[in-house]
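Visitor: I would like a close look at one part of this model, taken slowly and with the cut-offs stated as you go.

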Amino acid sequence: MTLYEELMWRGLIKDVAGEDLQKKLDEEKIAFYWGTDPTADSLHLGHYSSLVTAKRLAKAGHHPILLVGGATGLIGDPRPTAERELISKETVEKNLEGIRNQVSKIFDGKAEVVNNYEWTKDISFLDFLRDVGKYINVNYMLNKDIINRRLDTGITYAEFSYTLIQGNDFLHLFQEKNCIMQVEGSDQWGNITTGIDLIKKKLNKTAYGFTMPLILDKYGNKFGKSEGNALWLDKNKTSSYELYQYLINTDDEMVIHYLKVFTFLSKEEIEKIEKEQLQHPESRVAQKALAREIITDLHGKEEFERAEEMSQLLFSGNIQKLSVNDLKIGLKDVPHFNITEEMNLVEFLVNHKVASSKREAREWITAGSITVNGERVTDLEFVVSKEFALEQTLTIIRRGKKKYYVGTWHE
């Protein structure tokens, strides 16, 4: 299977510019670029599908140039609904450095990382109009989907001009680095074709591009959003455990598709996993493979193994083997409360709304349904005290197999 055939099999090509793109990918070694604006100091899981595709091209021998938009980040790519808030130059610089380090790590230092502010900052307004604006027709820009959708609600000149700046980026990289192809998510198709058109009109040369489909879950929501929040690639913003939990709960209908998009597993390996998954869906072998491949690629094998172990220990209730820090990460989303004094367990469960009444609390305790810091408690006279708190900081209550509650001790 050629590279182009593999990209098609994985569902990674949506729109294509350039009739002989397949030949370029399969028979030549070319420079290509993928870009992102530094709107945060970390990329998120939504960016990762594009990064994996870029890494896949690099593994095939093509030269990756990863552009972090210090210039375009100051303007903001038009959104479908409303204008982005402008961010300060200082914030852009901070975010840019974070993303640069992140990308370099993902590509093992083998990707060329560039900042479009470097070649944009000294262009005068008049030069930009003469050297770029002169070649792109306004009607052509109005027909761009992202611009057209904003005409009814209004779009500022700054956002309207964004596609020209990105087109100029492609022109610059084409001239200075012989970068002949741009690879982006499908929402960037209009910006890619602006660059290709500019190169054709100014240089009479052919440039190429393709987009990747937007990665969605089964409900049509963007992949990589957990309860509306982005899952960051920076493990200090989204822990490996949180990432593991999101991936291990991937829907059966989508997981094989995600294995194709997000991992470097071969066609044969994925087909073997798919067969096993169909035979034993309860094993979640595909979800485990997805979590293993993504977390290992991002953070290393040890991070994956630790996330998997944390998950198993929390599921089994064997929390004594976890540190307080691990517990804070693993139980971040369960009910939390403050503890200021020691208390009989029955009263404790009622006061902190674990049980609705003392009768219910007693029934749970005598039935062996309550554990305190991993130990099953059946004594109705048991006292919850700071002395026996984990590191004298946390008291963890577990009801049944899944319900956790976290109490933090305060003086």
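At what relative accessibility does Lys177 stand, and which exposure class does Lys177 count in?

Guide: Lys177 counts as partly exposed, because its relative accessibility is 32%, and the class lies between buried, under 20% relative accessible area, and exposed, over 50% (1.4 Å probe, protein chains only). This is a predicted model, in which local features need pLDDT of at least 70 and side-chain atom pairs count only at pLDDT 80 or more, whereas totals for chains, interfaces and linings use all residues. Residues are numbered from 1 along each chain as its sequence is written, and side-chain values use heavy atoms, with hydrogens and water left out.

The side chain of Lys177 meets that of Glu112 in a salt bridge, at 2.5 Å from N to O; the term requires a side-chain nitrogen of Lys or Arg within 4 Å of a carboxyl oxygen of Asp or Glu. Since Glu112 lies in strand β4 (residues 112-115) and Lys177 in helix α11, the pair ties together parts that are 65 residues apart in sequence; helices (H or I, at least four residues) and strands (E, at least two) are DSSP runs, numbered from the N terminus. Glu112, like its partner, counts as partly exposed, here at 25% relative accessibility.

Helix α11 (residues 162-177) also has a helix to set it against, for its axis and that of helix α12 (residues 189-203) come within 8 Å and cross at roughly 55°. Those axes are lines fitted to C-alpha atoms, for helices over the stretch in contact, with angles running from 0 to 180 degrees between N-to-C directions. The two helices are therefore oblique to each other, a class left over once angles under 35 degrees count as roughly parallel, over 145 as roughly antiparallel and 65 to 115 as roughly perpendicular. The crossing of α11 past α12 is right-handed, that is, the near helix is turned clockwise from the far one by less than a right angle, anticlockwise being left-handed.

The pair at Lys177 can be set beside other charged contacts, since a search of the whole structure finds 19 salt bridges. One of them joins Lys332 to Glu242, with the closest N and O atoms 2.4 Å apart. Because Lys332 lies in the loop between α18 (324-330) and β9 (336-339), and Glu242 in helix α13 (residues 240-248), this pair ties together parts that are 90 residues apart in sequence. Lys332 is partly exposed, with a relative accessible area of 43%.

A contact within a single helix is that of Glu305 with Lys301, whose closest N and O atoms are 3.9 Å apart; both residues lie in helix α17 (residues 301-316), 4 residues apart, about one turn of the helix. Glu305 is partly exposed at a relative accessible area of 39%, while Lys301, at 56%, counts as exposed. Asp41, Lys94 and Lys237, for their part, are linked in a network of salt bridges.

Backbone geometry deserves a remark as well. Most residues other than glycine have a negative phi. Arg284, although not a glycine, has a positive phi of about 50°, and Arg284 is found in the loop between α15 (267-279) and α16 (285-299), where its 26% relative accessibility makes it partly exposed. Glu391 likewise has a positive phi of about 50°, in the loop between β13 (383-384) and β14 (394-399), and at 59% relative accessibility Glu391 counts as exposed.
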